[in-house]
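Work through the three exercises below. Try each task before you read its solution.

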Amino acid sequence: MESWLKVSCVLCIFGFLREFHPSDPYHAEILMGEWYQVTQDEVNRFVYPVGTYAYLALLIFVFLMTDFLRYKPVIIANILTGIFHWGTLIWTSTLPGLQTVEVFYGFYHAGEVAYYSYIYAQVDKQYYPRVTSHTRAALLVGKLVAGLLAQLVIGLDWMNYKQLLYITVSSQVMALLWAFSLPKVDKSVYFHNRTETIKDVITPDTGGLEKGPEHVKAEVTDAKVTPIPSKGVHALQLLWSHFHSAYTNSLVVQWSLWYAMSLAGFLQVTTYMQVVWKSFENEPTIVWNGAVDAALTLLSAVFALLAGYFHAGRLSSSTSMLSMALLSILEGGCVLLACWTSNIYLSYLGYVLCGALFAFTITVASSELASSLLEDSFALVFGFNTFVALILQVIMTFVVVSENANLNLDVFQQFTVYAFYFIVIGVLYFVAFLLKYVLSCFRKSKLIIKDVN
């Protein structure tokens, strides 16, 4: 087996174990159950927002530490945080305890960057497309199997909701043990991207080449030596170079804005969707959250593959923008279906369709971004776009959800806001497409008139 494939397989097993959280589809059911001293409104307004704030606060720090520590230590620390998060949920029962747990959940999410970027430091660039598909597929399979298992044990009444936490903690412990088998990384994009050797020095008296500083004579004080920046300074210079190169490109800005706005809306929907289902008056005897999560994962994978197929040389940039606009409006419609209906099964359907459409559109946006970027700046740009998305999500959380919000909306009204958020994004990009099309036609007509004259 080739070395790149071995590394990919080891990381895929880790990714499967890391994403295996049977308790996630029933997170709201657990927190609002008999085991915790909190109300539904407290979970909605005081618990979940803490995770969003922590994710935003830690993302940039974790990104830089991942590169500085060369991935593996951050991966291990991230899994330890996951064990602490789900382990603490087993024994805590108070509101302050749950809020503390959410801080660690924010770090757990922020640490995903270590998993996604680790593989690119271990294999040659020619294998990037393959290892990307492998590692993302491992996460999807882990989430799919976790959802199916959760639905099975809940549907057959083999466990209660809280007991699912024990399975999740066990998978995190196994992921921790497996993480120690991950090969060590010798380089990274920013802090460890140069071969750290002592540079040659040219001496002016002989014109010869002598190795190392111990051979430099005192009399060559007039020699021209280019100072070598420290590792930290060099990393910051490279970061700024990649950032400036990317965000002075109008196409990168256009797709980065869409990526951030769409991701912010979807994160908000996925965070609070279970609270909506818990609020239905006709909640079914068997809660189908596990099956819904599995269906969402499977359909998202299919739509992501379809997006890659249709986008590969088949859609122009302007056509991609039009499709994003229309699909974003459809996403808003799906969210409206999920929150306006009185039938919980239609709400399930709206959520699954929204997730599938998001998977399609975010794949197209990522492809458009990647085609306009230097390879080494992928992690920086997608990380910064995620940071912007989290800022937008925090704003939505503060304005719509948190205890400081003056709107005083119930959970169904909150989701109505999120639905129109998607619709407004779609309308804005549709208008941008029309303006771009009109300007293009205007330029062409000017050229034709010029040729005629």
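The expected span of a helix is 1.5 Å times one less than its number of residues. The model used here is predicted.

**Exercise 1. Check the length of helix α8 (residues 164-179) against its expected span, then locate its buried face.**

Step 1. Helix α8 has 16 residues, so at 1.5 Å a residue it should span 22 Å.
Step 2. The C-alpha atoms at its ends are 23 Å apart, which agrees.
Step 3. List the buried residues of α8: L164, L165, T168, V169, S171, Q172, A175, L176 and A179.
Step 4. Look down the axis of α8. These buried residues fall within an arc of 160°, so they line one face of the helix.
Step 5. Recall the general rule: an α-helix has 3.6 residues a turn, so residues three or four places apart point the same way.

**Exercise 2. Describe how α3 (residues 40-69) and α5 (residues 95-110) cross.**

Step 1. Take the axes. They come within 7 Å and cross at roughly 35°.
Step 2. Assign the hand. The crossing of α3 past α5 is right-handed.
Step 3. Find the contacts. On α3 they include F46, V50, A54 and L58; on α5 they include L98, E102, V103 and F107.
Step 4. Sort the residues of this contact: 14 are nonpolar, 4 polar and 2 charged.

**Exercise 3. Is E19 buried or exposed?**

Step 1. Place E19. The loop between α1 (3-18) and α2 (27-31) holds it.
Step 2. Apply the cut-off. Buried means under 20% relative accessible area.
Step 3. E19 has a relative accessible area of 17%, so E19 is buried.
Step 4. Name its contacts. Leaving out residues up to four places away in sequence, E19 touches L139, G142 and K143.

Notes: Residues are numbered from 1 along each chain as its sequence is written. This is a predicted model: local features need pLDDT of at least 70, side-chain atom pairs count only at pLDDT 80 or more; totals for chains, interfaces and linings use all residues. Side-chain values use heavy atoms; hydrogens and water are left out. Helices (H or I, at least four residues) and strands (E, at least two) are DSSP runs, numbered from the N terminus. Buried means under 20% relative accessible area, exposed over 50%, partly exposed in between (1.4 Å probe, protein chains only). The arc is that of the directions from the helix axis to the C-beta atoms. Axes are lines fitted to C-alpha atoms, for helices over the stretch in contact, and angles run from 0 to 180 degrees between N-to-C directions. A crossing is left-handed if the near helix is turned anticlockwise from the far one by less than a right angle, and right-handed if clockwise. Contact means heavy atoms within 4.5 Å. Ala, Val, Leu, Ile, Met, Phe, Trp, Tyr, Cys and Pro count as nonpolar, Asp, Glu, Lys and Arg as charged, and the others, Gly among them, as polar.
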